[in-house]
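This briefing concerns the contact between two chains and a sheet within one of them. Please consult the sequence and structure shown here alongside the points that follow.

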Amino acid sequence: MQFNKNDSITLDDEKLTIVEPLGEGGQGEVYLVEYQGNRYALKVYKDEVSSDFRYNLKNNIDKGSPSNSFLWPKLLIDFDNDRIGYLMDLRPKNFVSFVSYLTGKNAFASREVMLTWCINLCTAFKKLHEMGYSYQDLNDGSFFLDQTNGDLLICDNDNVTADKKNLGILGKMRYMAPEIVRNEMMPDVHSDRFSLGVILFMALCLGNPYEGERLKNYDIVDEKAEYELFGSNPVFVYHKTDKSNRPIRGYHTSVLKRWAYIPLYIKEAFHRTFVDGLTDRENGRTTEIEWLRLFMRYRDELIRCPHCGYEYIYGFGEKTLVSSCPSCNTPTKEVCILELGKHKIVLDLGKKITAAHLDKYSSEYNKTVATVIANKNNPSLWGIKLDLSDPVEIKDASGIQKTIAANGIIPIIRNLKIKFNENIIGEIK
Amino acid sequence: MMQDRMLGEGIARQELNLLFVIDNSGSMEGEKLGAVNNAIRDVMSIMPEIQEDTSDATIKISALKFSDKAEWIYSEPQNVEDFKWKDLSAEGGTNLSGAYDELSKWLTKRSNGGMMPDIGGVAPIIILMTDGLPTSYDWEKHLESLKKKGWFKVALKYALAIQIDTDEAMDVLNKFTGNPETVLKVYTAEALRKVINVIAVTASKVKSNSASMGVGAGAVNGNALAQNEIASKLDEVEDVEW
């Protein structure tokens with residue numbers, strides 16, 4: 001490590017103190033530091049970086065973070081020995097690593113929370129790409145999560161550059177798009193999209209989309225094996241026609257178990273990215289906005305088994321509705337559905353209506369504007385508790401109209417129409 | 001509230017095996033074996049952090065001691081958290097042939113009676129430490145059959161010569177690693193402890209968690225990268241020659 005505990009560095013007459021080393025990676029070292037009375041993380045590069053790299057980092061700092069999901073560099077520091085570093089905020093304690101989720105050490109509080117995290121992830125990359133950036137090195141080590149609410153934190157943002165610009169990073173094997181593995185292209189928005197698909201597949205299925213039976217062809221997983229599996233001849237484990245690389249029974253247990261209960265429209269989106277997207281990198285890969293619509297739909301149709309608590313889909317997009325809990329076989333409970341434009345929201349307890357449901361141009365997929373709650377005195381009576389800025393109009397089957405205050409409660413009754421605004425009229429079915 | 005799954009259910013990971021091969025013949029008694037015992041405890045106290053940082057591979061630890069005969073400390077490779085070290089004591093000769101035979105058996109697929117994974121195995125790390133010449137004179141013959149093992153060929157191999165540096169002794173170790181750059185002469189107990197630590201920890205870290213690749217970089221999960229990192233860290237350790 002280049003610095004020791006209690007070392008201090010002077011920056012423009014301000015003192016920066018090394019509190020303690022936090023860790024070491026391939027590229028650099030990270031320290032807990034104190035600067036201007038606040039605590040930050042300081043990343044210091046082990047080697048000299050190119051002037052392009054320094055310029056890019058400085059530029060990113062000046063432009064600012066795409067959203068608060070990014071642990072974005074805040075201040076560039078030039079050290080005397082020609083090394084550079086930067087300050088960033090500390091990772092709050094409520095976040096655990098995506099790695100610890102993958103290995104089974106941590107889990108999301110519920111499937112709904114897991115989907116909320118996925119939505120946060122797609123929103124963050126949508127914003128990053130909209131700012132003209134590409135991330136270029138998505139991998140399991142970049143992401144953190146709050147298990148209780150699905151909040152996301154993206155670290156290692158120092159390779160982010162303007163799209164189509166490259167500063168030397170290719171990415172991590174098993175996450176890289178095949179054209180990058182094959183050295184035919186440099187990372188960009190489209191390879192980001194491929195890697196985003198891999199991360200989403202891992203979040204949902206706990207496995208890699210290209211690791212299946214074909215692993216058996218290799219005694220030892222070496223560079224050659226990885227080049228073939230992820231570069232020259234990748235075969236999606238759930239390829240519709242090429243079944244040569246299915247997950248291995250007894251080894252890819254989580255994937256086998258979890259894929260079975262994923263909605264068809266999500267399966268299609270994975271298939272598109274991991275099959276069509278191999279050859280058509282620009283149009284074959286599911287985009288962030290497409291993922292957002294799909295995950296919203298998935299979250300909307302989640303229902304919780306009253307017997308065992310398992311969360312599963314109602315089945316709007318399946319061949320038939322799901323008639324019983326896949327975990328304990330208890331018949332699916334009677335539930336009302338709110339139809340709101342294209343959205344079908346299963347009004348189960350705790351279900352949230354978001355700003356994006358009411359405005360198709362909104363990107364606030366996780367901003368709650370109403371929640372399904374139970375009456376305190378009579379828990380069998382459910383209502384929709386509003387958290388809006390304007391009142392809404394409701395009309396029941398007999399035509400009786402009523403105004404509900406912006407923070408009021410709408411009773412859940414079949415055939416009730418809800419007018420959120422002039423354009424958005426929903427109906428409970 | 002029900003969680004999104006049972007805790008403990010996780011992704012299928014590759015398997016990285018780390019093997020210590022330790023001479024506990026009579027001449028190792030005292031400081032030398034004491035340093036080895038301490039070093040392995042040190043390594044094992046750091047291993048959980050390394051395991052925690054990666055979803056690529058599960059790290060499995062094995063240890064083989066050899067004196068008059070060779071014996072595994074555990075009958076199969078252990079997870080990081082399950083590997084508990086029991087201090088070795090020294091006695092007897094240096095039966096390197098026996099150690100090579102045991103290694104050969106170990107470096108075989110599980111379905112063929114060995115201890116290497118049938119699916120998803122990555123090249124193992126083997127660290128041999130000894131302070132004397134083999135008392136089994138046919139060691140070269142046993143090494144020949146060990147060298148036929150695919151797992152041995154691809155392994156990242158290090159050998160530590162503890163307070164010996166005769167040409168004859170170095171020849172034995174050079175033949176084991178097949179690469180003089182990974183044979184280290186260690187002169188003090190403190191250096192031995194540090195060297196074992198650097199090699200075992202760095203190699204496990206680099207090989208269990210593949211790094212992001214840069215333009216022009218070659219192997220990333222490979223032995224070369226681990227070897228480079230180990231070399232740069234060993235620069236800081238005194239009383240070592242390599």
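In which sense do β12(A) and strand β8 of chain B pair, and over how many bridges? In this predicted model, β12(A) and β8(B), which spans residues 213–214, pair in the antiparallel sense over two bridges. One residue of β12(A) can be placed through its partner: G171(A) is bridged to M213(B) in β8(B).

**Contact between chains A and B**

- In the contact between the chains, 37 residues belong to chain A and 34 residues to chain B.
- On the chain A side, the elements giving two or more residues are the helices α2 (98–102) and α3 (111–130), together with strand β12 (169–171).
- The side of chain A that touches chain B comprises 17 nonpolar, twelve polar and eight charged residues.

**The open sheet of chain A**

- Three strands of chain A make up an open sheet with antiparallel pairing, in the order β7-β9-β10.
- Because β7 (96–97) and β10 (152–154) of chain A are at the edges and each has a single partner strand, one side of each lacks a neighbour in the sheet.
- Strand β9 of chain A, residues 143–145, is joined to β10(A) by three bridges in the antiparallel sense.
- L145(A) has L152(A), in β10(A), as its bridge partner.

**Helix packing on the sheet**

- Helix α3(A) lies across β9 and β10 of chain A and runs at about 40° to β10(A).
- α3(A) is also among the elements that give two or more residues to the side of chain A touching chain B.

Methods:
Residues numbered from 1 in each chain as written. Chains lettered and ligands numbered in written order. Predicted model: local features only at pLDDT ≥ 70, side-chain atom pairs only at ≥ 80, totals over all residues. Contact = placed C-beta atoms within 7 Å. Helix = DSSP H or I, 4+ residues; strand = E, 2+ residues; numbered from the N terminus. Nonpolar A, V, L, I, M, F, W, Y, C, P; charged D, E, K, R; others polar. Pairing = 2+ DSSP bridges. Axes fitted to C-alpha atoms, helices over the stretch in contact; angles between N-to-C directions.
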